[in-house]
Amino acid sequence: MSAVSFINYHFTYPNASDYTLKNINLTINNGQYILICGPTGSGKTTLLRSIKSEIAPVGKTQGKILIMDTNRDDKINKKLAVKVGYVAQDPDNQIIMDSVWHELAFGLENMGLPSHIIRRRMAETAAFFSIDSWINKKTYTLSGGQKQILNLASVMAMQPDILILDEPTSQLDPIAAKEFLQMVKRINDEMGITVIISEHRFEDILSSADRVIFMEKGMIISDNPPKIFVKNLFNKNNSFCITLPAPIKIAKYLGESENYPLNVKQGRQWLNKNNIKLKNSNNNIIIHRDRKAIVLQAKNIWFRYDKQNDFVLRDTSFELYNNEIHAIVGANGSGKTTLMNILCGVYKPSRGKIKKQSGLKTGLLSQDPKALFTKDTLYEDLSLLKDKYEYNDNDIQNILNKLGLDKLSQRHPFDLSGGELQKAALAKILLISPDILILDEPTKGIDGIYKAQLINILKDLKLKGKTILIVTHDLEFAASSSDRCSMLFDGDIICSDTGKEFFSSNMFYTTQTNRMTRGFIDGCIIAEDIKHE
Amino acid sequence: MVMIYNMKKHIFSYYHSAVIFLYFASVIIFSMCTLNPVFVLLSFLCSAVYLCYLKGFKQYIKSLWIYLIILLIVSLSNIIFNSLGLTVLFYIGDKPITFESLIYGICSGGMLINVLQWFSCYSIIMTSDKFLSLFGGIIPTIAMMLSMVFRYIPDTIRKANQINTAQNALLGNEKQDKKTRFNQGITLASSLMEWSMENSIETADCMRARGYLSGKRSHYKNERFTLYDTVSLIILLIIIIINALIIFIYANKFVFYPVISYNINFLWLCIFYAILLLYPMLLEGRESLACLRYRL
């Protein structure tokens with residue numbers, strides 16, 4: 001018996017001219033761990049949602065979908081809601097109830113189970129996902145990572161046979177994301193539940209997946225085990241290659257063409273075996289900076305939200321020099337976003353001073369781009385500040401073209417996907433064109449292709465004389481884009497260094513490339529640093 | 001900002017909501033049923049002690065002056081509009097001010113204060129959660145809706161803050177005149193609405209994905225009725241019956257007009273009333289004793 005099978009399945013959204021899913025033939029066996037990937041807009045979400053009849057997209061269909069060998073659309077099959085579990089992107093919107101225990105009970109109540117069985121299932125689930133310590137909390141007090149684990153747990157409490165996850169970690173920070181993916185892996189390993197997941201975060205998932213299904217333009221291009229998937233992708237020279245994790249890229253550059261290492265461990269083994277002489281092409285340039293070139297400075301900042309709470313920032317000092325790209329990294333809750341808001345003047349520090357070079361304008365792009373859009377179409381929204389910031393329709397069109405948003409300009413901002421919305425927000429701030437650009441988590445929810453594009457945009461802006469400050473969890477992104485890096489820990493800036501220096505002196509808090517090549521060749525930060533001797 | 005009291009401290013809040021509800025219902029009803037000065041005073045003292053315990057002495061003193069104003073208004077209006085009673089203290093114009101109407105006024109004012117004080121204790125111990133788990137079984141759909149609302153409100157406040165900060169920050173927090181600020185407020189409200197509606201579509205999807213409306217729903221109760229709840233319930237029921245008898249047969253024999261007359265031989269019966277009123281405090285005392293031996 002197969003868990004899910006698509007037989008000649010086609011799908012078209014109403015009013016759309018083209019197929020969103022085209023000729024899908026796919027059989028997923030029980031207990032497999034399936035990774036679905038592909039560029040934005042390739043139909044991954046539509047495919048995943050089609051499996052679950054309650055939330056399947058409405059439109060014209062051809063062919064059929066079998067779930068556990070019964071037709072998805074059979075009216076008799078009401079129990080399917082229980083058989084297939086679904087976790088979506090946004091941790092917030094999936095929470096229904098006000099307290100954690102009630103959230104866990106919600107699905108079980110819908111199944112009509114009596115209280116004593118619900119209690120038992122809740123206890124089991126809570127123990128497995130180690131949420132027992134916060135089971136009596138209110139859901140709005142949880143962190144994003146906890147919320148997403150709760151969503152997973154509430155779905156698993158219903159004991160499904162198939163688990164579907166649609167980019168479940170795109171809104172989480174890397175630590176929470178890793179934790180979440182480990183949970184998913186455990187569910188697959190320890191209980192043999194079929195997992196179908198779409199995910200941008202390859203480095204954590206590629207080595208554990210049984211099969212990788214690669215989609216483009218609504219079609220399944222390849223369906224292979226991870227190593228063969230990587231090989232085929234390189235052979236076809238697909239633009240999607242850029243999103244692959246660093247160990248694969250390094251091995252490819254060093255001449256591997258068959259057996260690619262999928263993670264850091266395999267990468268080190270691969271380096272060991274092949275014994276290649278390496279060279280570090282990364283010349284660490286020490287830049288002497290003039291104190292006069294400081295454009296934005298925080299001096300001994302103390303900040304807290306109210307008197308009952310602890311200080312979020314304690315005696316934090318920070319300098320931003322003219323015309324640099326500076327990245328601040330640090331764990332969740334270390335006060336990064338707070339520091340940003342203080343730097344651009346939205347929050348006032350309890351003690352300490354912010355000094356800004358006079359005449360310079362700052363602009364901050366917040367984490368959640370949805371908070372920025374107020375108009376009915378993207379174009380309207382972008383033209384909102386036209387007069388005040390002196391740009392015209394031409395500029396808007398140019399920026400839309402540059403970011404590949406031109407086809408979406410008449411859409412409602414909320415109808416855009418996470419990555420598209422992030423781009424749209426960037427367009428908005430680029431039009432306002434502040435002298436100091438502050439970006440809060442610009443890589444949240446975007447794929448590798450856009451990430452590479454974003455790095456180019458930032459470097460371009462630097463050439464035009466802008467100063468850029470990035471707050472990010474994404475170390476790979478920080479390493480490849482920034483001139484200097486700072487680490488915020490426990491409310492204070494622990495260290496500031498030039499980017500390369502910063503990452504090569506860290507052991508845990510560093511990029512995959514550095515972790516893979518440490519000991520073989522020192523000081524390599526990004527895949528491009530490594531050269532044959 | 002609403003103060004959140006540390007619930008974990010109070011042993012009474014660990015009891016089943018039925019026990020808690022029974023206690024407060026009886027205490028509030030009894031407080032409303034008698035004007036006997038001794039019983040009113042007792043109820044006042046006990047509720048004050050309990051409120052001090054729950055909120056802290058300082059917080060209690062802060063709220064006390066409101067109660068005193070109520071007391072003053074009620075007793076003054078009784079003195080002025082009511083000239084029953086024989087013991088005349090003095091005259092205002094032609095109007096005799098009597099001792100009896102003064103006492104009556106103070107007692108009815110005191111009764112009002114007592115009810116208010118007990119209600120504030122009630123609101124601290126009987127949280128919305130407890131209320132829902134007690135009455136949710138009767139109308140499960142409404143209980144579920146309320147639970148959703150309780151999630152929705154803090155979530156929306158957070159979103160409003162987020163939109164406001166994000167939009168200010170985008171423009172580097174420039175100073176704005178009143179008109180732009182006003183317009184900004186309107187856009188904030190409308191985009192908050194839009195955002196919430198957008199999100200609720202996703203939430204609705206998620207509810208269906210978890211089998212909502214796929215069949216008959218059951219109602220899960222998180223609370224269990226433990227042995228101690230049973231014991232407390234029985235004890236409470238017994239004291240309540242005793243007190244009902246005392247209050248309606250004995251205490252309400254108190255006569256204010258025309259002269260205050262009262263049989264004080266059975267006044268010791270008010271001990272039972274004190275036991276009922278102080279029931280949660282007695283539980284706390286027992287708890288402190290039990291914990292005493294673990295203290296250094």
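This passage walks through a predicted model of two chains, A and B, going from the domains down to single residues.

Start with how each chain is split up. In chain A, the domain assignment gives domain 1, covering 2–232, and domain 2, covering 291–513. Taken over C-alpha atoms, the centres of these two domains of chain A are separated by 32 Å. Where they touch, domain 1 of chain A puts in 12 residues and domain 2 of chain A puts in 13 residues. On the domain 1 side of that contact, the residues sort into four nonpolar, six polar and two charged. Chain B also has two domains: domain 1 is made of 7–132 + 225–292, and domain 2 of 153–209. Here the C-alpha centres of domain 1 of chain B and domain 2 of chain B sit 46 Å apart.

Next comes the place where the chains meet. Chain A brings 56 residues to the contact and chain B brings 44 residues. On the chain A side, the elements giving two or more residues are α2 (80–83), α3 (100–110), α4 (115–128), α5 (144–156), β16 (362–365) and α13 (418–432). Of these, α3(A) supplies the largest share, with eight residues. Sorted by class, this side of chain A comes out as 30 nonpolar, 16 polar and 10 charged residues.

One residue of chain B with neighbours in chain A is Gln162(B), which is found in helix α6 (residues 140–170) of chain B. Setting aside residues within four places in sequence, Gln162(B) is in contact with Asp368(A) and Ala371(A). With 17 other C-beta atoms within 10 Å, Gln162(B) is partly exposed. Gln162(B) and Leu89(B) are 73 residues apart along the chain, and their C-alpha atoms are separated by 64 Å.

Within chain B, a pair of helices is worth a look. The axes of α1 (residues 17–33) and α5 (residues 128–135) of chain B come within 9 Å and cross at roughly 100 degrees, so α1(B) is roughly perpendicular to α5(B). On the α1(B) side, the contact is made by Ser17(B), Ala18(B), Ile20(B) and Phe21(B), while α5(B) offers Lys130(B), Ser133(B) and Leu134(B). By class, that gives four nonpolar, two polar and one charged residues.

Then there is the matter of the nonpolar cores. In soluble globular proteins, nonpolar side chains tend to be buried together. In this model the largest nonpolar core holds 157 residues, and the members that touch the most others are Ile34(A), Ile36(A), Ile164(A), Val195(A), Ile196(A), Ala427(A) and Ile438(A). The largest share of this core, seven residues, is supplied by α13(A). Apart from it lies another core, this one of 31 residues, including Val27(B), Leu42(B), Tyr50(B) and Tyr104(B). Back in the largest core, Ile164(A) is one of the members listed above. Leaving out residues up to four places away in sequence, Ile164(A) touches Leu48(A), Ile51(A), Lys52(A), Val84(A), Gly85(A), Tyr86(A) and Ile196(A).

Leu437(A), in strand β17 of chain A, has 25 C-beta neighbours inside 10 Å and so counts as buried. Not counting neighbours within four places in sequence, Leu437(A) is in contact with Gly363(A), Ile429(A), Leu461(A), Lys466(A) and Ile468(A). The C-alpha atoms of Leu437(A) and Leu469(A) are separated by 6.1 Å, although the two residues are 32 residues apart along the chain.

Finally, a few spots stand out for their backbone geometry. Ser433(A) is in the loop between α13 and β17 (436–440) of chain A. Although Ser433(A) is not a glycine, it has a positive phi of about 50 degrees. It has 16 C-beta neighbours inside 10 Å, so Ser433(A) counts as partly exposed. Lys217(A), in the loop between β9 (211–216) and β10 (219–224) of chain A, also has a positive phi, near 50 degrees, in a residue other than glycine. Lys217(A) is partly exposed, with 15 other C-beta atoms within 10 Å. In chain B, the peptide bond from Tyr257(B) to Pro258(B) is cis, and its omega is near -5 degrees. Pro258(B) belongs to the loop between α8 (227–250) and α9 (270–277) of chain B.

Definitions and conventions: Residues are numbered from 1 along each chain as its sequence is written. Chains are lettered from A and ligands numbered from 1 in the order in which they are written. This is a predicted model: local features need pLDDT of at least 70, side-chain atom pairs count only at pLDDT 80 or more; totals for chains, interfaces and linings use all residues. Two residues are in contact if their C-beta atoms, placed from the backbone, lie within 7 Å. Helices (H or I, at least four residues) and strands (E, at least two) are DSSP runs, numbered from the N terminus. Ala, Val, Leu, Ile, Met, Phe, Trp, Tyr, Cys and Pro count as nonpolar, Asp, Glu, Lys and Arg as charged, and the others, Gly among them, as polar. Axes are lines fitted to C-alpha atoms, for helices over the stretch in contact, and angles run from 0 to 180 degrees between N-to-C directions. Angles under 35 degrees count as roughly parallel, over 145 as roughly antiparallel, 65 to 115 as roughly perpendicular and the rest as oblique. Domain bounds come from an automatic or database domain assignment. A nonpolar core is a set of buried Ala, Val, Leu, Ile, Met, Phe, Trp, Tyr and Cys residues joined through C-beta atoms within 7 Å. A residue is buried if 20 or more other C-beta atoms lie within 10 Å of its own, exposed if 12 or fewer, and partly exposed in between; C-beta atoms are placed from the backbone.
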